[in-house]
Amino acid sequence: MARWLPRSADLTRFCQKLNRVKTLEDDMMETSFNRCLSTIDLTLLGIGGMVGSGLYVLTGTVAKEMAGPAVIVSFIIAGFASLLAALCYAEFGARVPKTGSAYMFTYVSVGEIWAFLIGWNVLLEYMIGGAAVARAWSGYLDSIFNHKIKNFTETHIGTWQVPFLAHYPDFLAATILLVATAFISFGAKVSSWLNHVFSAVSIGVILFILIMGFVLAQPKNWGAQEGGFAPYGLSGIMAGTATCFYAFVGFDVIAASSEEARNPQKAVPRAIAFSLGLATGAYILVSMVLTLMVPWHTLDPDSALADAFYRRGYSWAGFLVATGSICAMNTVLLSNLFSLPRIVYAMAEDGLFFQVFSRVHPRTQVPVIGIVVFGFLMALLALVFDLEALVQFLSIGTLLAYTFVAASIIVLRFQQQKAGAPTQPAGSRPSPEPREGPATGELKEYESFSDKLQLVDRDKSKEHREPGQLKAAFEPYLEFLSDFYPGEVVTVAVVTLMVSAVCLCSILVFGNTHLHLPTWSYSLLLVLFSLGFLLSLLLIWVHEQQRSTQTFQIPLVPLSPALSIVLNIYLMLKLSYVTWLRFTVWLILGLLVYFGYGIWHSKENLREPQLQRVSAHYVVFPSGSLEETVQAVQPSPQPAAGLP
């Protein structure tokens, strides 16, 4: 019986396979894609991903049902919360200018299985998101023509009464997706140009709404006779914040496009900052003019802006609002179709997904097979499925990706630079400093133990310390932490921080409602988990970070990513249990794909036999120079095929 049980060494090796990280190339600017996108191109892509139909629908819904005119405050808080996640994406996009967004960022810092699951969830998020926007686009256009398209389809084709399927096939939604897929296939430059056109029209309509809105504004609509500025109080503002937060989902298209940016080190952070700032400003100002034009409690949630202009005697403005809404939805469609194939390409290129999706067309320099296949799948979803029940599923995938990217930032900042890894910004030639042999002056690199070398022969009197090591000022008080490998304590602290955040948010969300905890135990658990979170944060902070690089770095690490982690986990726990059930089913399917295909075809898995050949055994004697001792037992370089 015992012989059938796995040995501890096998389990350890299996866990190492699951948590192996991606090895990056020395020149990360080298790509099979066309680096043709400027900062303006990326900014407009980000704006297109964020400023969609939500500007025309979400503002009125939150104002009437949740926050009143204080929807402005909800958008300000939501914009700040999104900024925390966006800054994490900006740092990664500048340091690792490769396509794949959250998947790639998780792979290079946390581990393979986590990266695959993030990519697997983001894949579904983009598919459902694109299909849902296409159906909204179809419904909005159909309403302009008094639902003639819907009536014609139901009369001549028929209706369905099947659970999870739409009431009737939406051919218009499927057609717009197929047309958009064709344009995306022509290359990044064509996609960017098309996005420019729709974004320009959308921005023009927003400017018209703001100018006319402020002209028609009546401050009395914020007065006490209409309920005041915040009729639902602080709880209404925070409830509105949770809803408004999802309006800013879409900036990750910039990170997904970093491999096609001309100068990603500068363009990606700037584009994320500009697009998020402009989107936040648009949501705040539109909410302001909307609640000043008409009393907030009289708004029509389905078409708030068009209805507000109609009631003020400008019914013709409804046509402009409809035009702006359709153009805004077009930019969101392009954003989804642009990002999805590139994330699939990144997973296939790493061997974790089917290799056919890693092919890039030599002329258009885009992953055409991925674009066409997933464009058709998205069109099929829009054609036959009832997506209203699945839309909430989008939130959990996005929030999970934000959480892992924030955790990855902390891990990366306190990680030692890998041997031979580039220390300059991507695009510049790496200049590693190999060690010099003590006797011959020959330059050597001991890749198998270079990370361990500094641990054994570390000069504690030096002021400069490597990332992940305990700061000199805290060593007299926390000397026992000096015995761990650099970054090891930080990794454990990050895991503890995330567990504490999950427990803390669970008590906040379920403590009084589902768990019915008494006041004393509710307060005690809050204090305990808050202390665990703060102690983990402190334990991370007392270690050295990587020195400032020439690329963008998020300020206040580890505080900023930690706040983003707490917020994302809190919002995830606010989702319904049905959403979590669907998420679990999709996660199980993803694990079947990973263990059935990805783990065996991973490029890191193929790289492991070569790395095992160059593993070195070394002995450190109490006397003599460490480097001389190591050099004496270093194996001969001849058997290590392909490595110096």
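Axes, in what follows, are lines fitted to C-alpha atoms, for helices over the stretch in contact, and the angles between them run from 0 to 180 degrees between N-to-C directions. With that in hand, select helix H18 (residues 488-510) together with helix H20 (residues 559-573) in this predicted model, where the two helices pack at an angle of about 40 degrees with their axes 9 Å apart. Angles under 35 degrees count as roughly parallel and 65 to 115 as roughly perpendicular, with the rest outside the antiparallel range being oblique, and H18 and H20 are therefore oblique to each other. Their crossing is right-handed. To see the residues that meet, show the side chains of H18, including Leu497, Met498, Ala501 and Val502, against those of H20, among them Ala562, Ile565, Val566 and Ile569.

Stay on Ile565 for a moment and display its surroundings. Leaving out residues up to four places away in sequence, Ile565 touches Leu497, Met498 and Ala501, and also Thr403, Ala406, Ala407 and Ile410.

**The nonpolar core**

Which residues touch the most other members of the largest nonpolar core? Select Leu42, Tyr56, Tyr89, Ile209 and Ile565, which hold that place in a core of 164 residues. Then colour helix H6 (residues 112-144), which gives the most to this core, with 18 residues. Because domain 1 (38-414) and domain 2 (480-608) both give residues to the core, it lies between them.

**A second helix pair**

Next select helix H3 (residues 54-67) and helix H10 (residues 233-244), whose axes come within 9 Å and cross at roughly 155 degrees. That angle makes H3 roughly antiparallel to H10, and H3 passes H10 in a right-handed crossing. On the H3 side, show Leu58, Val62, Met66 and Ala67, which meet Gly236, Ile237, Ala239, Gly240, Thr243 and Cys244 in H10.

**The loop between H4 and H5**

Move now to Lys98, which is found in the loop between helix H4 (71-95) and helix H5 (102-107). Is Lys98 buried or exposed? With a relative accessible area of 7%, Lys98 is buried, since the cut-off for that word is under 20%. Apart from its neighbours within four places in sequence, Lys98 is in contact with Glu25, Met28, Glu30, Met104, Ala255, Ser258 and Glu259. If you draw a distance from the C-alpha atom of Lys98 to that of Pro264, 166 residues apart along the chain, the viewer should show 9.3 Å.

In the loop between H4 and H5, select Ser101 as well. Most residues other than glycine have a negative phi, and most peptide bonds are trans. Ser101, although not a glycine, has a positive phi of about 50 degrees, and Ser101 is buried, with a relative accessible area of 1%.

**The loop before H20**

The last selection is the loop between helix H19 (519-541) and H20, where Pro558 lies. The peptide bond from Val557 to Pro558 is cis, with omega near 15 degrees. Leu556 has its place in the loop between H19 and H20 too, and Leu556 has a positive phi of about 60 degrees although it is not a glycine. At 60% relative accessibility, Leu556 counts as exposed.

**The whole protein**

Finally, clear the selections and look at the protein as a whole, which has 23 helices and two strands. Of its 644 residues, 51% count as buried. Among the contacts with a separation of 6 or more, 82% are accounted for by residues 24 or more positions apart.

Definitions and conventions. Residues are numbered from 1 along each chain as its sequence is written. This is a predicted model: local features need pLDDT of at least 70, side-chain atom pairs count only at pLDDT 80 or more; totals for chains, interfaces and linings use all residues. Side-chain values use heavy atoms; hydrogens and water are left out. A nonpolar core is a set of buried Ala, Val, Leu, Ile, Met, Phe, Trp, Tyr and Cys residues joined through side-chain atoms within 4.5 Å. Buried means under 20% relative accessible area, exposed over 50%, partly exposed in between (1.4 Å probe, protein chains only). Helices (H or I, at least four residues) and strands (E, at least two) are DSSP runs, numbered from the N terminus. Domain bounds come from an automatic or database domain assignment. Contact means heavy atoms within 4.5 Å. Angles under 35 degrees count as roughly parallel, over 145 as roughly antiparallel, 65 to 115 as roughly perpendicular and the rest as oblique. A crossing is left-handed if the near helix is turned anticlockwise from the far one by less than a right angle, and right-handed if clockwise.
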